[in-house]
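Please read this report with the sequence and the 3D view side by side, and look for each place as it comes up.

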Amino acid sequence: MLDRDPAERLAMVQAAIDAAAHLAARKPADVTLIAVSKTHSAEAIRPLILAGHRVFGENRVQEAEAKWPPLRAETPATALHLIGQLQSNKAEAAVTLFDAIHSVDRLSLVTALARAMDKTGKRPTCFIQVNIGDEPQKGGVPTANLAALIGEARIADLPLAGLMCIPPADIEPAPYFALLAKLARDEELAGLSMGMSGDFETAVTLGATHVRVGSALFGERG
Ligand SMILES: *Cc1c(COP(=O)(O)O)cnc(C)c1O
């Protein structure tokens, strides 16, 4: 697929999402494709914007601050999602730049984001990142602490959209996607940010509302 041009890759990924949605009796329009452009230059991103794509993901605040203001000046309707870990001291920069934040994983960050939203008046949609395999060293709130963190995010009045996960590497992701979907249902949260280049179709059949796809669109990162 990577010998094709970016617009063709975009069309193929979107077609695969649509097919997976149909398979699960879901509406393709209920799945948002986030094109993960981290490490890729404005020159690599622009063809996707020209092909009509409007939703992009970055994992670092500083990189996005450098890259996106000029691109957004060209195409104001472009939405930007933060998918990487966020330090509390960058909360204000993050809410200023991003339309959604997928990596809310601890109380100190909930507090920092609430304060930053009050100060800036900007309220990006928030996803709580769950350490769905309860792996040591992995980002995300442990599953045992999820309910408490959701409660704190609700008290802080964060605009909570749903849950996000990155399943353990190199094993079948479906059970983890199914578990995230169950946790979201239990908490009456509609959003499910799950699925990457290798597994987004599986994620869509299990209810993903947001898939985060990088290398299948842009090629391998250098
Ligand atoms: C890089 C990244 C992705 C995209 O990964 P690909 O395998 O390149 O599609 C998705 N989610 C997160 C959190 C990432 O950091």
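## The ligand and its pocket

In this predicted model, the space that the ligand takes up is the largest pocket. The residues around the ligand are Val36, Lys38, Ile83, Met164, Ile166, Met196, Ser197, Arg212, Val213, Gly214, Ser215 and Arg221. When this shell is divided by residue character, six of its members are nonpolar, three are polar and three are charged.

## Polar contacts with the ligand

Within this shell, some side chains can be followed atom by atom. Lysine 38 has a polar side-chain atom 2.7 Å from an oxygen atom of the ligand, and serine 197 likewise places a polar atom of its side chain 2.5 Å from an oxygen atom of the ligand. With arginine 212 the partner is a nitrogen atom of the ligand, which lies 2.9 Å from a polar atom of the arginine side chain. Taken alone, the ligand would expose 390 Å², and the protein buries 89% of that area.

## A buried arginine in the first helix

Arginine 9 belongs to helix H1, which covers residues 6-23. Is this arginine buried or exposed? Arginine 9 counts as buried because its relative accessible area is 10%, and the cut-off for buried is under 20%. A polar atom of the side chain of arginine 9 lies 2.9 Å from the backbone oxygen of leucine 217.

## Two loop residues with positive phi

Which value does the backbone angle phi take at alanine 25? Although alanine 25 is not a glycine, its phi is positive, at about 55 degrees. Alanine 25 is found in the loop that runs between H1 and strand S1, the latter made up of residues 32-36. Because its relative accessibility is 74%, alanine 25 counts as exposed, a word that applies to values over 50%.

Glutamate 188 is another residue to look up in the view. Its phi is near 55 degrees, which is a positive value in a residue other than glycine. Glutamate 188 is found in the loop between helix H7, residues 174-186, and strand S8, residues 191-193. With a relative accessible area of 74%, glutamate 188 is exposed.

Definitions and conventions: Residues numbered from 1 in each chain as written. Predicted model: local features only at pLDDT ≥ 70, side-chain atom pairs only at ≥ 80, totals over all residues. Heavy atoms only, no water. Helix = DSSP H or I, 4+ residues; strand = E, 2+ residues; numbered from the N terminus. Buried < 20%, exposed > 50% of the residue type's maximum accessible area, 1.4 Å probe, protein only. Polar contact = N/O pair within 3.5 Å; in protein donor to acceptor, adjacent residues only side chain to side chain. Near = heavy atom within 4 Å. Areas by Shrake-Rupley, 256 points an atom, 1.4 Å probe, with all protein chains shown as cover. 1 Å grid on protein atoms, 1.4 Å probe; cavity = no way out; pocket = protein on both sides within 12 Å on 5 of 7 lines; lining within 4 Å. Sits in = over half its atoms within 2 Å of the grid points. Nonpolar A, V, L, I, M, F, W, Y, C, P; charged D, E, K, R; others polar.
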